[in-house]
Amino acid sequence: MADIAILSAVQAFLHKQHGQFIDGAARSGSGTRTIDVVDPATERTIASVSSAGSADIDAAVASAQAAFHGAWARTLPYQRGVLLNRLADLVEANAEELAQLETLCTGKSIHLSRMIDVGQSAIFLRYFAGWATKITGETITPSMPSMQGEQYTAFTRREPIGVIGAIVPWNFSMMIGVWKIAAALTTGCTVVVKPSEFTPLTLLRLAELAVEAGIPPGVVNILNGYGDAGQALIEHRGIAKVSFTGSAATGVKVGQGAMAANLTRCTLELGGKNAAVLLPDVNVYGAVAGLLQTGFVHQGQVCAAPERVFVHRSRIDEVLDKMSGGLAQLNIGSPLDEAVQFGPLANKPQLDKVLGYLDEARRQGQVCHGGRRLDRAGYFVEPTLVRAGSADDVLMREETFGPVISFLPFDDEDELLGWINDSPYGLSASVWSNDLSRVFRLIPRIQAGTVWVNMHTFLDPSVPFGGSKGSGIGREFGSAFISDYTELKSVIMRF
Ligand code: NDP
């Protein structure tokens with residue numbers, strides 16, 4: 001097969017001189033640096049973006065504040081829902097353009113860009129749209145004794161917290177951006193989003209669509225720049241809450257910076273070293289199919305992907321054999337080729353990081369499939385399986401965020417739980433078995449924000465998602481996000 005044809009709208013968008021999107025309009029950045037956007041499948045520069053300077057950061061926050069107190073404050077909850085639904089319609093109407101932009105910046109397969117970054121974004125927008133009319137407080141009867149026969153009643157209001165500073169990583173730049181934009185808008189907040197320097201384009205296009213949908217200027221602003229622009233944004237005193245998704249190391253810096261700047265509230269969605277557990281009765285075909293799909297989709301660059309797999313000793317040879325067989329059949333190549341299942345890593349620093357882990361695995365003699373860079377242009381590495389020597393191996397402890405899964409046999413359930421939980425991370429885990437009594441006994445003992453059973457990496461807008469321990473603070477989705485994007489005000493009345 002061959003690459004799909006790039007739409008003329010995409011070619012035109014790539015040729016534009018990009019920068020910032022502030023107060024409903026595109027403008028060039030006042031920063032001194034230019035971001036070259038590189039297609040990871042070809043290593044060619046495909047677009048260029050002028051970076052934000054401090055004047056842009058001030059302007060973006062000022063525009064978001066003006067909209068927060070002005071046009072957006074006057075927009076009724078049901079109208080906010082209507083506008084988010086309209087944005088979802090426009091995402092679908094421009095689906096192929098958005099999907100191609102996402103694939104060109106990230107190396108994600110075109111199928112995945114269509115299904116996840118575009119398709120799921122529309123679903124998330126519609127889900128969040130529904131919350132706009134359902135954010136309520138409580139009524140309370142106070143218990144203090146009456147002194148002079150007076151009575152009291154009280155109620156709470158959930159008020160939008162203000163301007164959200166949203167920081168988005170490069171792996172699902174559009175979808176994760178949408179999670180934050182939709183949560184902000186449905187609660188009545190406005191937002192300044194900083195995408196990763198590697199993926200500045202899709203959110204710029206989405207911001208244009210937001211204006212086309214009728215969302216007032218200033219409600220959605222996009223700041224493009226490097227890490228220092230993100231740092232300046234989260235430390236800006238006009239930001240009421242930071243919603244950050246990215247690595248644990250940056251997350252700690254962001255959390256400290258936001259707190260020190262203005263006691264700014266923070267939600268942190270960070271990395272993971274997610275465990276999958278295959279119990280003795282596991283359906284090996286089902287588990288192998290699930291691990292192949294969720295461990296190697298987007299070349300393993302998924303925060304919740306299974307990176308360490310504990311298999312009961314009685315089944316591990318069979319599992320590794322079938323995993324290896326499955327990987328041998330993977331069609332590796334250009335992410336714009338619809339027949340391809342596995343493409344390049346998303347950027348050069350990510351390639352260097354993963355190659356370092358592959359060197360480590362080879363040094364230890366642990367690689368049982370793959371393990372090398374592919375000899376072709378682009379940031380391609382082989383999908384890799386590692387048979388670990390112990391739970392303390394580097395590849396069993398550190399997040400590779402790449403197409404590398406490590407396997408370790410276990411015999412004893414207590415020892416297994418010790419290995420799973422002896423990790424600074426706690427994002428997600430999965431248990432594969434039809435022995436429900438055993439599964440239900442394990443679930444409360446696994447330290448993770450999400451536990452899947454007989455599947456892995458299934459995100460739904462109605463189910464809260466976030467990390468325990470070093471994987472983060474706060475939850476997205478469900479009703480859990482509402483408390484993070486609103487301030488609770490108590491009103492007490494005497495009568
Ligand atoms: P990084 O932490 O490197 O970057 C995340 C974002 O933060 C980028 O936009 C980056 O900008 C920005 N940034 C960098 N430095 C600062 C700073 N000092 N202040 C504010 N912002 C800053 O993560 P990656 O982009 O490499 O993403 C991969 C990581 O994200 C993995 O660890 C993965 O597990 C995690 N992740 C977690 C998810 C979750 O929901 N829990 C989901 C997806 C990913 P720039 O790129 O321009 O430097």
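This is a walk through a predicted model, from its ligand to its aromatic pairs and then to a handful of individual residues.

Let's begin at the ligand. It is surrounded by 30 residues, and the closest are Glu197, Gln231, Ser247, Leu270 and Glu399. Two of these names come back when we look at polar atoms. The side chain of Glu399 places an N or O atom 2.5 Å from an oxygen atom of the ligand. Leu270 takes part through its backbone: one of its N or O atoms there lies 2.7 Å from a nitrogen atom of the ligand. Trp170 joins in as well, with an N or O atom of its side chain 3.0 Å from a ligand oxygen atom. How much of the ligand does the protein bury? Taken alone, the ligand exposes 900 Å², and the protein buries 90% of that.

Where does the shell come from? The elements that contribute two or more residues to it are α8 (227–234), β11 (241–245) and α9 (248–262). In chemical character, the shell around the ligand divides into 14 nonpolar, 11 polar and 5 charged residues. If you colour the model by domain, you can see that both domains take part: domain 1 (8–270 + 472–491) and domain 2 (274–461) each give at least three residues to the shell.

Now let's turn to the aromatic side chains. The structure holds 10 aromatic pairs. In one of them, the ring centres of Trp179 and Phe477 are 4.8 Å apart and the planes meet at 80°; because that angle is over 60 degrees, the pair is edge-to-face. This pair brings together distant parts of the chain, since Trp179 sits in helix α6 (residues 173–187) and Phe477 in the loop between β20 (472–473) and α16 (482–485), 298 residues apart. Both Trp179 and Phe477 are buried.

A second pair, Phe310 with Trp419, has another geometry. Here the ring centres are 6.0 Å apart and the planes are at 25°, so the pair is stacked. These two rings also link distant parts of the chain: Phe310 belongs to strand β14 (residues 306–312) and Trp419 to helix α14 (residues 413–421), with their positions 109 residues apart in the numbering. What of their exposure? Phe310 has 0% relative accessibility and therefore counts as buried, while Trp419, at 22%, counts as partly exposed. The value for Trp419 is not under 20%, which is why the label "buried" does not apply to Trp419.

Ring pairs can also join up into groups. Tyr127, Phe128, Trp131, Phe481 and Tyr485 are linked by such pairs into a cluster.

A few single residues round off the walk. Thr202 is part of helix α7 (residues 201–213). At 2% relative accessibility Thr202 counts as buried, and its side chain makes a polar contact of 2.9 Å with the side chain of Glu102.

Ser334 lies in the loop between α11 (316–328) and α12 (348–363). Is Ser334 buried or exposed? With a relative accessible area of 17%, Ser334 is buried, because that value is under 20%. Ser334 and Ile110 are 224 residues apart along the chain, but their C-alpha atoms are separated by 9.3 Å.

Helix α11 itself holds Leu320. Leu320 counts as buried, at 9% relative accessibility. The C-alpha atoms of Leu320 and Val288 are separated by 8.7 Å, and the two residues are 32 apart along the chain.

Finally, look at two backbone angles. Asp23 has a phi near 55°, a positive value in a residue other than glycine. Asp23 sits in the loop between β2 (20–22) and β3 (25–27), where it is partly exposed, with a relative accessible area of 43%. His298 is not a glycine either, and its phi is positive at about 50°. This residue is found in the loop between α10 (284–296) and β14. At 2% relative accessibility, His298 counts as buried, whereas Asp23 is partly exposed.

Conventions
Residues are numbered from 1 along each chain as its sequence is written. This is a predicted model: local features need pLDDT of at least 70, side-chain atom pairs count only at pLDDT 80 or more; totals for chains, interfaces and linings use all residues. Side-chain values use heavy atoms; hydrogens and water are left out. A residue is near a molecule or strand if one of its heavy atoms lies within 4 Å of it. A polar contact is a pair of N or O atoms within 3.5 Å; within protein, one must be able to donate a hydrogen and the other to accept it, and residues adjacent in sequence count only if both atoms are side-chain atoms. Accessible areas come from the Shrake-Rupley method with a 1.4 Å probe; for residues, only the protein chains shown count as cover. Helices (H or I, at least four residues) and strands (E, at least two) are DSSP runs, numbered from the N terminus. Ala, Val, Leu, Ile, Met, Phe, Trp, Tyr, Cys and Pro count as nonpolar, Asp, Glu, Lys and Arg as charged, and the others, Gly among them, as polar. Domain bounds come from an automatic or database domain assignment. Rings of Phe, Tyr and Trp (its six-membered ring) pair if their centres lie within 6.5 Å; planes under 30 degrees apart count as stacked, over 60 as edge-to-face and the rest as tilted. Buried means under 20% relative accessible area, exposed over 50%, partly exposed in between (1.4 Å probe, protein chains only).
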